Every structure is written in structure tokens, then in C-alpha cells.
Amino acid sequence: MSCIGTAGHVDHGKSTLVKALTGIDPDRLTEEKERGMTIDLGFAWLKLPGGQEVSIVDVPGHESFIKNMLAGVGGIDAALLVIAADEGIMPQTREHLAILDLLQVQRGIVVLTKADLVDADWLEMVREEVAEYLKPTVLAGAPIIPVSAYTGQGLPELLSTLEHILQTSSERKNIARPRLPIDRVFSLTGFGTIVTGTLLDGMLKVGQEVEILPQGKKSRIRSLQTHKQQLDETLPGRRVAINLANIARSELERGNVVALPDQLRPTVLFDARLHLWAEAPRSLAHNTAVDLYSGSQEVAARVRLLDTDELQPGQSAWAQLRLERAAVLARHDRFILRIPSPSMTIGGGEVIDISPRYHRRHQAAVLSALIQLEQGTPE
Ligand code: GDP
């Protein structure tokens, strides 16, 4: 069981591709979800030729894409970066690729859609342009496959390539402490409160006592379900719906995390290694207000730059992030930083220490301690 996500510029053919691959129309899923009628996971899914089941996270619209991609990405095994062959790389292609790069989504396929609209020379030119653009990113050397959802060209090759890359080993880290960022909450007559999400670490089982963070509310897993099938337990990477006991829908919201009691602690201050995207629209000064995205959590924050006063696009630095609300993070988690109005991705980074002291800036001792932590001294 794997989970993949689509990315790419609006109108480049993401939904049409998902529909061609799965027979499920992602726009219709959105509708069903909004009417709250089903306990559908909100995601299309397909069976690969070898029998493996794959959920596809495909979210129409750029802003909701960003939010949902970030929410799902911790659980994504591979990304399909969709680029229309007739248009090539566009602004949202760049931003989505930057997010995949900042989050270090290692496995991906570039799908050149609408191949029926262009001739062979044009297709080759776009392929070269894309291959060149991928070079400095996490997707350097990724397969580039021309397809047409209209003629069916390239779809079998896409599926077999997908099967192949999902077989290569994943670097999914597992801290053995289960955490499931909640992306939807609803209640269903006869069931009560249901949440959906993708487990990031460890294992969750029916009957377990759980804790909902950051509010610290206790609950119990009454049942677990994936694609209309009941489960006894679930592992990382599988999208699930959880029926939670003794908790009302109103006590939960998207961004909360399901964990085992007393294993994880919310934080409002953490140390990080920050990277400002090479194509960020501006530099990042000490104390800048940003929105931080990690899992399905979205929190306003301020960036305290520890070893510099201003970060230029393409540069990295040590920073301390001060959150306006508590968030649930673990060491080595990746996060994205965006600036509000106009909402734009500017960079991201890796969590290094979730219980730091407040650091004075430009302190050599603090910086060398952080470098040691990053290089892997025990947690
Ligand atoms: P999304 O915004 O990326 O999800 O894009 P859509 O899937 O909604 O597609 C945008 C437009 O491109 C629609 O009008 C589709 O019919 C059209 N389209 C999608 N795939 C293909 C294709 O393979 N060939 C052609 N000619 N048009 C396509």
C-alpha cells in the first residue's frame, strides 16, 4: 500500500490524469466530501499491474493544493509532477517542485501531459528543458514520461514506472512513536467522530488509548478503515479513517495530531536549519513573520536568524522559530515557510531541536552545538 501525490501548474491536466488512471474523478470526491455523505478518504486510488494498491492525493486549486500537499506529503511515497507538454514549466510548477525539494520527497516522476497537442520535436525540447531544470533539485534524473489522457499514450509506461520506483527502498524514517496529522474531521450518524489522515511513524491499532495533541485530550481508537475495508492496525503511508471514542467533533480540528499518550510533546520554540528557496521573491530578515506548514499543521511564526541578519535566496542558516500556537514536531521533520498576502512559498527547513533554550544570536557555542545535533548525536 503506497500513497502518491500529484503536483503541477493549474490546468496542466492533473485531475484528468488521475481520472484516466483510476476511473475516479477527483472533483467529484471534493463534492462528496463537502456534502459529508461518505466516509470516503477523499482520495482516488488504483491497483498497479502487480496488484499493489496506491492512493492518489490530488487536490484541485493551487492554494488548497499547497495545503493538502503539505498535509499529505509526510505520508507520500512518491510524487507525480505534471507538466503540460504544450506549455512547459510554469510558475506553479516551479513552486511545487521547490516544495518537493524542501521536503526532500526523494521519489518522483515527471509526467508530460497533453502529449497529443504537440509534435515530436517540441516534446523533445520540453523534455530537455525539464531535465535541465530538475538537475539541482531532489528530482534530478527522475523519469520523464509523455502521456495523453485523451489517446491513452504513455499511460501503461507511467504505471509500470510508478510500480518500479515504489519498489526501490524508501527512506521513510520511523521513530516508532505513532503520529497521525489529522486532515479532516467529521461526525457520522451511528459512528460518532471520524478523523482522516496518513500515519507518519509507528503503528496504530484498534482499541488503543490515544492522545490528541496539542490539546492533550484522551480518546480511544474504536475502528480503523481504509478504502471501505476495516483494519485491525495501520502502518505508515496508508491513508486511514479513524473512529475516535469519547471525543466530540467540536473538540478536534485539522492540524491536530493523533499520538499515543505521553510520547510526544507540543512545542512553541524550536531550532532549525533553514533554507531560502533560490527563486524566493525576497530575502528573509531576522524576525520576519511567516506561516509555518508541517504535516496538516499551519501556524504563524517568527524567524529568529541565529548566525546572520538577513538570508538571501538560495542560502541556508541556523534559526530559531517561535510559534504563535503550539505545534507537534519531531527532530528531522521537514517544514515549509510561506509569507502571507500574496501567499507565497519562500523556503523551508529541517527541525533540529524541539526543546531548545532561547538562544542569544551570533553565539559560536550555540552554533557548534546545533551543527553537532544536526550531524546526528543521539536525541
Ligand atoms: P488540473 O487543473 O491540472 O487538474 O487540469 P485538468 O485535469 O482540469 O485539465 C485542464 C484541461 O486540460 C481540461 O480542459 C482537460 O480536458 C485538458 N486536458 C487534460 N489532459 C489532456 C490531454 O491529455 N490532452 C489534451 N488535449 N487535453 C487535456
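What follows is a chat between a colleague and a modeller about a predicted model.

Colleague: Let's start broad: how many helices and strands does the protein have?

Modeller: Keep in mind that this is a predicted model. The protein has 379 residues, and 54% of them are buried. Its secondary structure comes to seven helices and 23 strands.

Colleague: And what share of the contacts between residues at least 6 apart in sequence join residues at least 24 apart?

Modeller: While we're on overall numbers, the accessible surface comes to about 16200 Å², with 49% of that belonging to carbon and sulfur atoms. As for those contacts in the protein, the share joining residues at least 24 apart is 72%.

Colleague: Which strands are the edge strands of the open sheet?

Modeller: The open sheet has six strands with mixed pairing, in the order 2-3-1-4-5-6. An edge strand pairs on one side only, and that describes the two ends of this order. The edge strands are strand 2 (44-47) and strand 6 (144-146).

Colleague: How much does that sheet twist from one strand to the next?

Modeller: Think of the order 2-3-1-4-5-6 again, going along the open sheet. From one strand to the next, the twist averages 25 degrees.

Colleague: Is strand 1 enclosed or open to the outside?

Modeller: Look at its two faces: Ser 2, Ile 4 and Thr 6 sit on one side, Cys 3, Gly 5 and Ala 7 on the other, and all are buried. In general, side chains in a regular strand alternate between the two faces of the sheet. Six of the six residues of strand 1 are buried, so the strand is largely enclosed by the rest of the structure.

Colleague: What is the bridge partner of Ile 4 in strand 4?

Modeller: Strand 1 (residues 2-7) runs parallel to strand 4 (residues 78-84), with four bridges between them. Strand 1 also runs parallel to strand 3, again with four bridges, and there Ile 4 stands opposite Ile 56. Further along strand 1, Ala 7 has Leu 81 as its bridge partner in strand 4. For Ile 4, the partner in strand 4 is Ala 78.

Colleague: Why would you call helix 1 and helix 6 roughly perpendicular?

Modeller: Their axes come within 11 Å, helix 6 being residues 155-167. Angles of 65 to 115 degrees count as roughly perpendicular. Helix 1 and helix 6 are therefore roughly perpendicular to each other, as their axes cross at roughly 85 degrees.

Colleague: What kind of residues make up the contact of helix 1 with helix 6?

Modeller: From helix 1 you get Leu 17, Ala 20 and Leu 21, which meet Leu 155, Leu 158 and Leu 159 in helix 6. No polar and no charged residues take part, so by the usual grouping of Ala and Leu the six residues are nonpolar.

Colleague: Which strand does helix 1 run at about 40 degrees to?

Modeller: Helix 1 (residues 14-22) lies across five strands: strand 1, strand 2, strand 3 (53-57), strand 4 and strand 5 (108-113). The one it runs at about 40 degrees to is strand 2.

Colleague: Now the barrel: what is the order of its strands?

Modeller: Six strands close into it, with antiparallel pairing. For instance, strand 19 (residues 297-305) and strand 21 (residues 316-327) share five bridges, and Ala 301 has Leu 323 as its partner. The order is 16-21-19-18-22-23.

Colleague: Which strand does helix 4 run at about 5 degrees to?

Modeller: Helix 4 (residues 91-102) lies across strand 16 (267-276), strand 22 (334-339) and strand 23 (344-353). The strand at about 5 degrees is strand 23.

Conventions
Residues are numbered from 1 along each chain as its sequence is written. This is a predicted model: local features need pLDDT of at least 70, side-chain atom pairs count only at pLDDT 80 or more; totals for chains, interfaces and linings use all residues. Side-chain values use heavy atoms; hydrogens and water are left out. Two strands pair if DSSP finds at least two bridges between them. Contact means heavy atoms within 4.5 Å. Axes are lines fitted to C-alpha atoms, for helices over the stretch in contact, and angles run from 0 to 180 degrees between N-to-C directions. Buried means under 20% relative accessible area, exposed over 50%, partly exposed in between (1.4 Å probe, protein chains only). Accessible areas come from the Shrake-Rupley method with a 1.4 Å probe; for residues, only the protein chains shown count as cover. Angles under 35 degrees count as roughly parallel, over 145 as roughly antiparallel, 65 to 115 as roughly perpendicular and the rest as oblique.
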